Amino acid sequence: MKRIGMIGGFGPEATLDYYRLLIDEYRRVQGEGSLPEILIYSLDVYALFNLIEQKRWNDLTDYLLNGINILAKAGSDFGFISANTPHIVFNKLNCLSPIKLISIVEETRKKVKCIGLKKVGLLGTSFTMQSDFYQEEFAKDNISIIMPTAQEQDYVQHKLITEIELGEFNEATREGLLAIVKRMIIEDTIEGLILGCTELPLILTKDEFGIPFLNTTKIHVDSVIKYCLMGK
C-alpha cells in the first residue's frame, strides 16, 4: 500500500468530503480491518484565487509545489490536489513534482470516455470555466466541452464563493444551478455534466434530467485508492 498525500483546503468543505470518500472507498475495496495512510497539507483557497486572478502562474506553481514538497518529505509516495481549479498549472507542476501526481482532469476524461459521452457541459469556478485545461485534456478523446453563458458563469462563481465554499447549501441556489443545466441540455444538447468544482457535488448530489452528473471528487478518489493499493 502506498502512502497518500493530499493538498487540501481548496476549500475546506471539499477537503472533508475527500477524506470521507477516501476512507469509504478504501473500505469498500479492502473491507473492514485496515485504513489507508493519508497525509493532508491544507493550503489557503483565498491565496490560490488571488494568484489566479493576478495570473501569477509561476507563483501559483511555486505555492502548490511547496505543499507537494512538504508531503513528499513527510513520506507521501504519491499525491493529488483536492480541487479542479489548481490544474490550470498541473502540467508544469507535474514536471517539477518529486512524487507522482494523480490529475482530477485526466481521471475525469477517462471516466467520460468509458461511459461513451462525446459532448459534456462543465460547471466550476470562473477560473476553470474560462481556462482551457479541460478542453485540451478532453480533446485527446475528441470529447467536446460546453460552457455556460458568461452570465451563467458569473452566477456559478458568485454562489461558489459566497455560499457553497462556506458550507452553505441553499435550495434556491440548487434550483438556480439546475436551471442552467436544463438550458444547456435543451440548447447545447449536452449528454452529461462535469461537476468541475469539488464543492458542487455537495449541492448537486444526484443525476438530474436523465443525464449523468459526473462527480469529479468521487472519480478522483476512486483513482487515488486504486493507485494507493498497487504495489510499491
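**Exercise 1. Find out whether Cys95 is buried or exposed, and do likewise for Cys228.**

Solution. Start with Cys95: its relative accessibility is 70%, so Cys95 counts as exposed. The scale behind this calls a residue buried under 20% relative accessible area, exposed over 50% and partly exposed in between (1.4 Å probe, protein chains only). Next, take Cys228, which counts as buried because its relative accessibility is 0%. Finally, look for disulfides, where a disulfide is a pair of cysteine sulfur atoms within 2.5 Å. The search of the whole structure finds zero.

A word on the input: this is a predicted model, in which local features need pLDDT of at least 70, side-chain atom pairs count only at pLDDT 80 or more, and totals for chains, interfaces and linings use all residues. Residues are numbered from 1 along each chain as its sequence is written, and side-chain values use heavy atoms, with hydrogens and water left out.

**Exercise 2. Describe the setting of Ser82: which loop holds it, and what does its side chain reach?**

Solution. First, place the residue: Ser82 sits in the loop that runs between strand S3 (78-81) and helix H4 (90-96). Helices (H or I, at least four residues) and strands (E, at least two) are DSSP runs, numbered from the N terminus. Second, check exposure: Ser82 is buried, because its relative accessibility is 0%. Third, follow the side chain, which reaches the backbone oxygen of Ile7 at 2.9 Å. Last, list contacts (heavy atoms within 4.5 Å). With neighbours within four places in sequence left aside, the partners of Ser82 include Met6, Gly8, Phe10, Tyr18 and Thr198.

**Exercise 3. Work out the strand order of the open sheet, and name its edge strands.**

Solution. Begin with the pairing rule: two strands pair if DSSP finds at least two bridges between them. Four strands then give an open, parallel sheet in the order S6-S5-S7-S8. Its edges are strand S6 (144-146) and strand S8 (213-215), each of which pairs on one side only. From one strand to the next, the twist averages 35°; axes are lines fitted to C-alpha atoms, for helices over the stretch in contact, and angles run from 0 to 180 degrees between N-to-C directions. Now zoom in on S5 (residues 119-123) and S7 (residues 192-195), which run parallel and are joined by four bridges. Within this pair, Gly121 of S5 has Leu193 in S7 as its bridge partner.

**Exercise 4. Which salt bridges do Glu107, Glu137 and Lys159 form?**

Solution. Set the criterion: a side-chain nitrogen of Lys or Arg within 4 Å of a carboxyl oxygen of Asp or Glu. The whole structure has 22 such salt bridges.

- Glu107 meets Lys110 at 3.3 Å, N to O. Both lie in helix H5 (residues 104-115), three residues apart, about one turn of the helix. Glu107 is buried at 13% relative accessibility, whereas Lys110 is partly exposed at 38%.
- Lys159 pairs with Glu163 at 2.9 Å, N to O, and both residues are buried.
- Glu137 pairs with Lys140, with 3.0 Å between the closest N and O atoms. Glu137 is buried at 12%, while Lys140 is exposed at 55%. Salt bridges that share partners join these two with Arg109, Lys113 and Asp141 in one network.

**Exercise 5. Which residues does Thr128 touch?**

Solution. Locate Thr128 in helix H6 (residues 126-130). Its relative accessibility is 0%, so Thr128 counts as buried. Not counting residues up to four places away in sequence, Thr128 touches Asn84, Thr85, Leu122, Phe133, Tyr134 and Gly196.

How values were computed: A polar contact is a pair of N or O atoms within 3.5 Å; within protein, one must be able to donate a hydrogen and the other to accept it, and residues adjacent in sequence count only if both atoms are side-chain atoms.
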